[in-house]
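Visitor: I should like to take a close look at one part of this protein and then see what surrounds it. Would you please begin with the surface and proceed from there?

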Amino acid sequence: MKYPPKHHQDDTIDHMIDVIKTYPLATVISVKNNEPLITHLPLVYENHKLIGHIDIYNPQAQLLKDDKLVTIIFGGPQCYISPTVYSTTQLPTWNYIKVHIKGIVKAIESKAALKQSLITMTEFLEAPDHNYVLEPDNPRLNANLDYIKMFEIDITHWEGKFKLSQDKKTSDMKAAREELIRANQESIRLFLDKVF
């Protein structure tokens, strides 16, 4: 990413961190023998790293260690923007938020660290109400520790892709923002009515 001037760079990173925290389900991409392996996992941003867990039977688990390179994609809201949304003459477009990250991945072998990380991730995902607490003495948690691998990713490269009608006049940007909210709420309901 070509970073903006320094005073904007911290805001840009902060916005990308907000995407990760709000939409933590990541697309994790590794390459083995020129073939991509892709898994969708929630990741937690902590101390300038991404922390995750993967089932030991997932073929990608063998690639999430030993300082291997990994690419991560986080996706925020997205939708089609019709020209009818704008007050000025425009062409159809698609607005979206994506964060691309590259990093170096290390396996964390400690069962105690894995257990605490699963508890911490559950706490993060249960926010703000914390209706469920994963207790350290949960027998199901303890029984599954041998089947889960923990990893951390040292981030080496950030790239934010925020296509949000920024090239339009202020009133059209606001209209596109409202359409992004409306379309996402409506499309989720319509889609889930079909499949769930």
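Guide: In this predicted model, the residues I188, F191, L192, V195 and F196 together form a nonpolar patch on the surface, with an area of about 580 Å². One of these residues, F191, belongs to helix α4, which covers residues 170-195.

From the helix we may turn to the sheet. Seven strands make up an open sheet, arranged in the order β2-β1-β5-β6-β7-β4-β3, and their pairing is antiparallel. The edges are occupied by β2 (35-42) and β3 (44-46); each has a single partner strand, so one side of each has no neighbour in the sheet. On average, neighbouring strands of this sheet are turned by 35 degrees against each other, direction ignored.

Strand β6 (residues 93-108) deserves particular attention. It is joined to strand β5 (residues 68-81) by twelve bridges, and the two run antiparallel. Along this pairing, L69 lies opposite I104 of β6, and Y80 has W94 in β6 as its bridge partner. Strand β6 is also joined to strand β7 (residues 148-163), here by 13 bridges, again in an antiparallel manner. Within that pairing, K98 has K161 of β7 as its bridge partner. In general, the strands of a sheet pair through hydrogen bonds of the backbone, while the side chains of a regular strand alternate between the two faces of the sheet.

Finally, some contacts involve aromatic rings. The charged end of K168 is placed over the ring of Y86, at 5.9 Å from the ring centre. Counting rings whose centres lie within 6.5 Å of each other, one obtains three aromatic pairs.

Conventions. Residues numbered from 1 in each chain as written. Predicted model: local features only at pLDDT ≥ 70, side-chain atom pairs only at ≥ 80, totals over all residues. Heavy atoms only, no water. Phe/Tyr/Trp six-rings, centres within 6.5 Å; stacked < 30°, edge-to-face > 60°. Lys NZ or Arg CZ within 6 Å of the ring centre and 35° of its normal. Patch = residues over 30% accessible without salt bridge, like charges linked within 9 Å, V, L, I, M, F, W, Y side chains within 5 Å. Areas by Shrake-Rupley, 256 points an atom, 1.4 Å probe, with all protein chains shown as cover. Salt bridge = Lys/Arg side-chain N within 4 Å of Asp/Glu carboxyl O. Helix = DSSP H or I, 4+ residues; strand = E, 2+ residues; numbered from the N terminus. Pairing = 2+ DSSP bridges. Axes fitted to C-alpha atoms, helices over the stretch in contact; angles between N-to-C directions.
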